[in-house]
2 protein chains.
Amino acid sequence: MRYSHKLSDAVHILAYVEIYHDDDLSSMAIAQSVESNPGLVRRLMAALRAAGLLATQRGTAAPEITRDPADISLLDIYRAVETNDHLLHIDDKTNPQCIVGGNIQETLREAYATVQTAAETQMATITLASLIADIRQREQQRTQS
Amino acid sequence: MRYSHKLSDAVHILAYVEIYHDDDLSSMAIAQSVESNPGLVRRLMAALRAAGLLATQRGTAAPEITRDPADISLLDIYRAVETNDHLLHIDDKTNPQCIVGGNIQETLREAYATVQTAAETQMATITLASLIADIRQREQQRTQS
DNA sequence: TTTGATGTTATCTTTAAAGTAACAACTAGT
DNA sequence: ACTAGTTGTTACTTTAAAGATAACATCAAA
């Protein structure tokens, strides 16, 4: 398949809503910033809404972030939009008659879980607020030079 | 795309070579344990050979692991076979005219790199020897009950 | 020399994600 | 109420990366 950009796009949407809160926040406008399409933006916003991170409404009302960005972690966003939340994947069809094939799945499942936990622990330390601050800082440096 | 099972399959191959070192180690035999096909097994073995983890030869010679399994980490295997070694992906087409679109790529690249490092640090602590030991232990428990 | 397995490459198939489109549902303004 | 405009949702199409399959040259060993 293609690689998923959902997490990146979801961060993009949230940052956009925060930074451009007084401008046009239609799915069309956001899609132009993401260089994607309004349908995808709305689907991602639905996932963020389901996770309790974003409030949206039909009609012209602007979406709003429902929690303090300092209390929203990259992990929260990751879990909200990545339906497949495993970073490493096990081939679950191995020959059970073989010492290796019959046991490797559980062995790897355990090993991969520790890797997943390490990654998620790191994701939990990164907040939406810090990402937005970083975006703003880079913009400042860009416009100064 | 499909999810990659290369890492799992590569561990499977190495464990198989170690555990069945006195039996048939043809790509055909290994493929039956992986429930895959000989072509894929040979391609993965080629990657492991290129990384200096496995010695193979044409003809009937059995492949051999070239380093002490206690000195081969999951990270070594990961780097040997995963051509795409990024766990999280950035959508690299965003609108540069926008504060978010113009800066989020670098922001996320940095954030994702810390997540990648956390995952790889954990992978480095897991050795092929420990994985094989775990497989053997599970097999013992299976045959006892 | 023969046999048989590997090394390598090319092509087809599969699958999950993104792109596209359509339309019902709802909100706000008139 | 009615209209305009946007969201929410779903179905379908396209794309891309991985795996499956196959073919064959290459080499090692008997």
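Biologist: Happy to look at this with you! Which side chain has an N or O atom 2.6 Å from a sugar or linking oxygen of DNA strand D?
Modeller: In this predicted model, the partner on DNA strand D is a sugar or linking oxygen. The protein atom, 2.6 Å away, is an N or O in the side chain of R2(A).

Biologist: And how far is a polar backbone atom of K6(B) from a phosphate oxygen of DNA strand D?
Modeller: Backbone atoms take part as well: a backbone N or O atom of Q57(A) lies 3.4 Å from a sugar or linking oxygen of the strand. For K6(B), the polar backbone atom faces a phosphate oxygen, and the distance is 3.5 Å.

Biologist: Which elements give two or more residues to the surface near DNA strand D?
Modeller: Good one to check on the structure. Both chains contribute such an element, and each spans residues 38-50. They are α3 of chain A and α3 of chain B.

Biologist: How many charged residues does that surface have?
Modeller: Let's go through the classes. Five residues are nonpolar and eleven are polar. The charged residues number ten.

Biologist: Now to helix packing: is α1(A) roughly parallel or roughly perpendicular to α3(A)?
Modeller: Helix α1 of chain A, residues 6-19, packs against α3(A) with the axes 10 Å apart. The angle is about 85°. Angles of 65 to 115 degrees count as such, so α1(A) is roughly perpendicular to α3(A).

Biologist: How many nonpolar residues are in the contact of α1(A) with α3(A)?
Modeller: From α1(A) come residues including I13(A) and L14(A), which meet residues of α3(A), among them L40(A) and L44(A). The contact has two charged residues and no polar ones. The nonpolar residues number eight.

Notes
Residues numbered from 1 in each chain as written. Chains lettered and ligands numbered in written order. Predicted model: local features only at pLDDT ≥ 70, side-chain atom pairs only at ≥ 80, totals over all residues. Heavy atoms only, no water. Polar contact = N/O pair within 3.5 Å; in protein donor to acceptor, adjacent residues only side chain to side chain. Helix = DSSP H or I, 4+ residues; strand = E, 2+ residues; numbered from the N terminus. Nonpolar A, V, L, I, M, F, W, Y, C, P; charged D, E, K, R; others polar. Axes fitted to C-alpha atoms, helices over the stretch in contact; angles between N-to-C directions. Parallel < 35°, antiparallel > 145°, perpendicular 65-115°, else oblique. Contact = heavy atoms within 4.5 Å.
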